[in-house]
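Hi,

Here is the structure I promised to send over. Have a look, and my notes are underneath.

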Amino acid sequence: MAIIDFILFLIIANLKLFNITTLRFYNFYPRAFCNFESINNKEKLESIIFSNTISDDLAGFLNRQDYSQLGLIMDSNTQEHCYPLIKSKLPAHQTFAFTAGEINKNLDTCTQIWQWMTECGFDRKALIINLGGGVTGDMGGFCASTYKRGVRFINIPTTLLSQVDASVGGKLGIDFNGFKNHIGVFAEPIAVLISDEFLKTLPEVELRSGYAEVIKHGLIQNADYFSCLKTQDWESQDWKTLIEKSVSIKKSVVEKDPKESGLRKILNFGHTIGHAFESFYLDSDNHLLHGEAIAIGMISEAFLSNKKSGLTLDELKQITNLLLGVYGKIEIPTADVDAIVALCSQDKKNDSERINFSLLRKIGQCEYDITGSTLEIKEAIAFYQSL
Ligand SMILES: NC(=O)c1ccc[n+]([C@@H]2O[C@H](COP(=O)([O-])OP(=O)(O)OC[C@H]3O[C@@H](n4cnc5c(N)ncnc54)[C@H](O)[C@@H]3O)[C@@H](O)[C@H]2O)c1
Ligand SMILES: [Zn+2]
């Protein structure tokens, strides 16, 4: 009995130590789920709440938190379109808005955010809300988790891409000297609140960009999901259902490998080549949205999958048809190809000189740590150009 008492005491002491009072079952949000996994390694806890009435659910969540001050980070578009949806029920808070766009996901904006936090007098018990797409979530979370060695933050993703991808998995960061997500940390928000209400004001091209990650989730983990996506025009998808399905796929992968030492790498399918395209055109007039770049990456890496990991020609055709049907064909000047290939080897997934890929064994199954050469990347891009 004494041992059991002692174990119970340890559990209770740990719950207090890690502020487990913030963890509860959200009975009034029937689809909410919680993650106990990170308690041992002192990371913060992540709850994902699928909300039907975002302003009430956020107010309710905040009501149960213990914080000194509340800060809200958004960009110029989410300030206009999303902030009004939550503002009236928010407790007293300070706001910071930066000019929207990937181009501002940089150290200068971080400096301004840290400056604002300092001027607001935020201490370590401050709580930050990131209201926006992946740019706001990545940068706001990075600033929060580095300010005074880390304050807690909540993500409210407002684009499809950030709802199904960027807000889950704890990767935070900014672009640096033209390299995507070059500086960053892993840290978990204490909660992610997801509502499809925000998608109503999202420009169609942004919705389509996020859809690339949804397609990726089918390709790497669930062939039925991929088949299901093929049966509908992308514009008429049931977003609520897709968001929940995609979040559950991403979450299950990330939970098995939070620090990307193995399985999590499958989420990079399409991204080794896709990121290189995104980086290359970042500052140019032809700049590509993340999903548009990843669509090119997925076609190119599906080609490599056919060459190297068993994807059949028929499957390659299915993937190419779906992606070209949604994103069209983007013209890549041959003069740009060498520089794009060179950028592939800058990707975070590489150990020294080898270029690592996550490739499909078949639709619904992905393998990681498959090495490729620059010549093979050139062939893959040439395949895309030939379509
Ligand atoms: N951390 C991760 O795991 C992860 C994963 C994928 C992508 N990302 C990052 O996410 C970023 C891309 O995310 P994104 O596509 O959400 O970009 P974004 O944050 O720039 O949002 C896209 C555009 O939509 C606007 N917007 C956002 N919500 C809106 C709404 N509800 N109504 C109207 N306009 C709205 C934004 O102001 C912006 O102009 C990239 O920086 C990428 O590197 C991170
Ligand atoms: Zn992505």
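Below is what turned up around the ligand, in one helix and in the core.

First, the housekeeping: this is a predicted model, where local features need pLDDT of at least 70 and side-chain atom pairs count only at pLDDT 80 or more, while totals for chains, interfaces and linings use all residues. Residues are numbered from 1 along each chain as its sequence is written, and chains are lettered from A and ligands numbered from 1 in the order in which they are written.

Ligand 1 has 31 residues around it, and Asn77, Ala100, Gly133, Gly134 and Thr159 come nearest (near means a C-beta atom, placed from the backbone, within 6 Å). That shell takes at least three residues from each of domain 1 (25-200) and domain 2 (204-386), with bounds from an automatic or database domain assignment. At least two shell residues apiece come from H3, H6, H7, E8 and H8 (helices, H or I with at least four residues, and strands, E with at least two, are DSSP runs numbered from the N terminus).

H8 covers residues 204-221. Of its 18 residues, 15 are buried, so H8 is largely enclosed by the rest of the structure (buried: 20 or more other C-beta atoms within 10 Å of its own, C-beta atoms being placed from the backbone).

The largest nonpolar core has 99 residues, with Leu193, Leu219, Met298 and Ile299 having the most contacts inside it (a core is a set of buried Ala, Val, Leu, Ile, Met, Phe, Trp, Tyr and Cys residues joined through C-beta atoms within 7 Å). Helix H12 (residues 290-308) gives the most to this core, 9 residues.

Cheers

Notes
The expected span of a helix is 1.5 Å times one less than its number of residues. A residue is buried if 20 or more other C-beta atoms lie within 10 Å of its own, exposed if 12 or fewer, and partly exposed in between; C-beta atoms are placed from the backbone.
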